[in-house]
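Good morning, and thank you for the time. I should like to take you through one model, from its overall layout to a few individual residues.

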Amino acid sequence: VKVNDLKGIQQLGLQPRRVASLLVEAFNAMTFSFGFVHADPHPGNLLVRKSTSGSAELVLLDHGLYRCLSDELRLLYCYLWQAMFLRDMSLLETVGKRLGAGELFLLIPLIFTQSLISGKSTMGKNFKDMTSEEKQHIRKTLRRFKRTEFSDFYSSLPRDLLFVIRANDYVRGISLQLSLPPMDRFYSMANAAVAEANCHYRSSDGRGPIELYETSVGRNSSVRAWIKVNLHIMWMKVQLELVRIYSFFSRP
């Protein structure tokens, strides 16, 4: 059945939210880990079936539009999600400017999470459901830029990132149809992004993962480096979990 056929999925004995989670996990792997992305995942190109073990299986059709992300772009996209979920303004600025967004880096979270990390709004909340204070904060931020800057915004971003945005929009829409809470999708994406972005060697001169693609150091096999990297990943995941828990109890 089609991936957004709620009744059909239930008739197969499958849970719609689990199907949505499977879809999100599949595209997490494509974008964050492999950098090979199906860029046209509308419901007509995605089917769900029940495996012999009784679990859900995702079937992708129409393989005519894929994008192969460079390692640089793939890792920057990982750091972008880390910055958005943890509301790390410094990291967002670094990544946004390297993606070509300039001072408009502040608006990138609006594309992916419908919120600004500088405010207190909940990620994924529809504009109509925001409080007047949240709406005012977004309007105030938007007024900082000229209209001409907005028109140049998307053209300044890497072309392959635009295809990733397109795929993300489809996955977001389908997930909402299958009743997966936006925060659950964001947490899954941020968790995958952090795991991938921070599993690389961190140089001895103090540079973090954001500089890795500029070096040829690559992975380091020493025990000390392995311990350092894995402790860093654990700490990042603890932060992600704390944000997720806080967001859960902050839901209306």
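From the N terminus on, the elements run α-α-β-β-β-β-α-α-α-α-α-α-α-α, giving 10 helices and 4 strands in the chain. These are DSSP runs numbered from the N terminus, with helices being H or I of at least four residues and strands being E of at least two.

Please keep in mind that this is a predicted model: local features need pLDDT of at least 70, side-chain atom pairs count only at pLDDT 80 or more, and totals for chains, interfaces and linings use all residues. Residues are numbered from 1 along each chain as its sequence is written, and side-chain values use heavy atoms, with hydrogens and water left out.

Of the 252 residues, 45% count as buried; buried means under 20% relative accessible area, exposed over 50%, and partly exposed in between, with a 1.4 Å probe and protein chains only. Contact here means heavy atoms within 4.5 Å. Among contacts between residues at least 6 apart in sequence, 68% join residues at least 24 apart.

Let me turn to the interior. The largest nonpolar core has 65 residues, and those touching the most other members are Val19, Tyr77, Leu80, Trp81, Phe85, Phe112 and Leu161. Such a core is a set of buried Ala, Val, Leu, Ile, Met, Phe, Trp, Tyr and Cys residues joined through side-chain atoms within 4.5 Å. Which helix gives the most to this core? Helix 3 does, with 12 residues. At least three residues of the core come from each of domain 1 (6-68) and domain 2 (71-250), bounds that come from an automatic or database domain assignment.

Trp81 repays a closer look. Leaving aside neighbours within four places in sequence, Trp81 is in contact with Phe32, Phe112, Thr113, Asn168, Phe186, Met189, Ala190 and Ala193. One of these partners, Asn168, lies in helix 8 and is buried, with a relative accessible area of 6%. With residues up to four places away again not counted, Asn168 touches Tyr77, Trp81, Phe112, Arg185 and Met189.

Helix 8 also holds Ser175, which is buried at a relative accessible area of 2%. Ser175 and Arg17 are 158 residues apart in sequence, yet their C-alpha atoms are 7.8 Å apart in space. Beyond four places in sequence, Ser175 is in contact with Ala20, Val24, Leu180 and Arg185.

Among the buried residues of helix 9 are Arg185, Phe186 and Met189.

Now the strands. Strand 2 and strand 3 run antiparallel, joined by 5 bridges; two strands pair if DSSP finds at least two bridges between them. Val48 stands opposite Leu58 in strand 3. In a regular strand the side chains alternate between the two faces of the sheet. In strand 3, Ala56, Leu58 and Leu60 point to one face and are buried, whereas Glu57 and Val59 point to the other and are not. Their hairpin has 5 residues between the strands, and there Gly54 takes a positive phi near 95 degrees.

Finally, some backbone angles. Most residues other than glycine have a negative phi. Asp62, however, has a positive phi near 55 degrees; Asp62 sits in the loop between strand 3 and strand 4 (66-68) and is partly exposed, at 45% relative accessible area. Ser179 also has a positive phi, near 65 degrees. Ser179 lies in the loop between helix 8 and helix 9 and counts as partly exposed at 42% relative accessibility.
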